[in-house]
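Got your viewer open and a selection box ready? Let's take a walk through this model, one stop at a time.

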Amino acid sequence: MENKIYSRIVSTGRKLPKNCVTNTQLAERLAKEGIETSDEWIRTRTGIESRYFASGDETTTSLGAEAARQALTRGSYDPKDVDLIIVATTTPDGVFPSVACRIQAVLGCTNAGAFDIQAVCSGFVYGLSIADGLIRAGQLNTILVVGSETFSGLLDWSDRGTCVLFGDGAGAVLLTRAQQPGILDWELKADGTKGESILAVTGHIRNGKVYGDPYIRMDGKGVFKAAIESMTSSAKSVLSKAGVSPKDLSLFIPHQANLRIMKVVAEKLGVSPDVMMVSVDSHGNTSAASVPLALDKAVEDGRIKRGDLVLLQGVGGGFTWGSVLLKY
């Protein structure tokens, strides 16, 4: 009988910019613009205490390349072993070439195909699911999946409701063919009817000019409600298909956007607070980089060991959401 093909995560990596900005420092910056906020105001509403902003020569490409390089090194893989690079990002360094192609050049992954995907904060979960499907189909053996963002470039510093939430960073995983199941199940969803109503950047470039609004606009209450509903239903669906109970999870890594949202989802699922990974406090909402950053931190901290059952979740503009259940 023919052996089944599976995919599994071999290694992880992450990279944050050098410039760490605390809530107090951010409040001081905003005060100069006449915007009032405070460490307490931000922490109590979001759980965020600090975030990182790219500066100088730090770009979506450079951050993503370093995270990917770490994953390759930790997995003892040569760049030439990589068959494909998938980069999830909303903040590419240019219209084209893609960030994935730029990272391919930096790392020397000369045998790899490369492309970007855009699903905003769900991007990494989407990318991981695509990579799993390509490996299971028997087409590829080794894929780098990267989430990299420089969201600070999309922030309107006069909008307190959004500029305190986001940060920059990158995370990566190396996914390879395996004989035993690693990625167990996944689900991807979207609702385009909410596309511009609750979270969007509507600006675009045409004929050398920027048209529309180039900054993030968000309906906080709308996002809060939609995120809780979609993440809860998606998690239940994936766990049910895999025949797994929430109580079987070793670690739950939801999109790191808002601690209040994360806690409500965990409570609705019946997941213990001790099982939920929290890194939003130290890097804010890094969009597509959020989940791989948290995953790598969990690996580094020893919160995940081989064989552990882990649930990853993304939710973001589009409106998009998804879940990936895996055995690490």
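**Stop 1: a strand with partners on both sides**

Select strand β1 (residues 6-15) together with β7: nine bridges join the two, and they run antiparallel. Two strands count as paired if DSSP finds at least two bridges between them. Strands here are DSSP runs of E with at least two residues, helices are runs of H or I with at least four, and both are numbered from the N terminus. For one bridge, click on T12 and look across into β7, where its partner is V173.

Now add strand β6 (residues 142-150), which is also joined to β7 by nine bridges and also runs antiparallel. Here T142 has T176 of β7 as its bridge partner. Strands of a sheet pair through backbone hydrogen bonds, either parallel or antiparallel.

Is β7 (residues 168-178) mostly enclosed or mostly open? Of its 11 residues, 10 are buried, so the rest of the structure largely encloses this strand. "Buried" means under 20% relative accessible area, "exposed" means over 50%, and "partly exposed" is in between (1.4 Å probe, protein chains only).

Before moving on, some housekeeping: the model is predicted, so local features need pLDDT of at least 70 and side-chain atom pairs count only at pLDDT 80 or more, while totals for chains, interfaces and linings use all residues. Residues are numbered from 1 along each chain as its sequence is written, and side-chain values use heavy atoms, with hydrogens and water left out.

**Stop 2: a helix with a buried side**

Select helix α1 (residues 23-31) and colour its buried residues, N23, L26, A27 and L30. They cover an arc of only 100° around the axis, which puts them on the same side of α1. (The arc is that of the directions from the helix axis to the C-beta atoms.) An α-helix has 3.6 residues a turn, so residues three or four places apart point the same way.

What do the buried residues of α1 pack against? Show β2 (19-22), α2 (39-46), β3 (50-53) and α6 (160-163). Contact, here and below, means heavy atoms within 4.5 Å.

**Stop 3: the nonpolar cores**

Next, pick L249, F252 and L325, the residues with the most contacts inside the largest nonpolar core, which has 47 residues. Such a core is a set of buried Ala, Val, Leu, Ile, Met, Phe, Trp, Tyr and Cys residues joined through side-chain atoms within 4.5 Å. Helix α7 (220-242) is one of the elements that supply at least two residues each, as are α8 (259-269) and β15 (320-327). The largest share, eight residues, comes from α7.

Zoom in on L249: leaving aside neighbours within four places in sequence, its contacts include L239, V271 and L325. A second, separate core has 32 residues, among them I9, I117, I253 and I304.

**Stop 4: a four-stranded sheet**

I253 turns up again here, as the bridge partner of L312 in β14. Select the open sheet of four strands in the order β8-β15-β14-β13, where the pairing is mixed. At the edges are β8 (183-190) and β13 (251-253), each pairing on one side only. From one strand to the next, the twist averages 10°. β13 and β14 run parallel and are joined by three bridges.

Just past β8, find D191 in the loop between β8 and β9 (199-200). Its side chain makes a polar contact of 2.8 Å with that of K194. (A polar contact is a pair of N or O atoms within 3.5 Å; within protein, one must be able to donate a hydrogen and the other to accept it, and residues adjacent in sequence count only if both atoms are side-chain atoms.)

**Stop 5: two buried loop residues**

Where is N285? Look in the loop between α9 (280-283) and α10 (290-300). N285 counts as buried, at 6% relative accessibility. Its side chain and that of H255 share a polar contact of 3.3 Å, and a polar atom of the N285 side chain lies 2.9 Å from the backbone nitrogen of S287.

Now jump to T91, in the loop between β4 (84-88) and α4 (99-107). T91 is buried too, with a relative accessible area of 7%.

**Last stop: α10**

Finish on α10, a mostly covered helix with eight of its 11 residues buried. Just after α10, click on G302, which takes a positive phi of about 80°.

Key
Axes fitted to C-alpha atoms, helices over the stretch in contact; angles between N-to-C directions.
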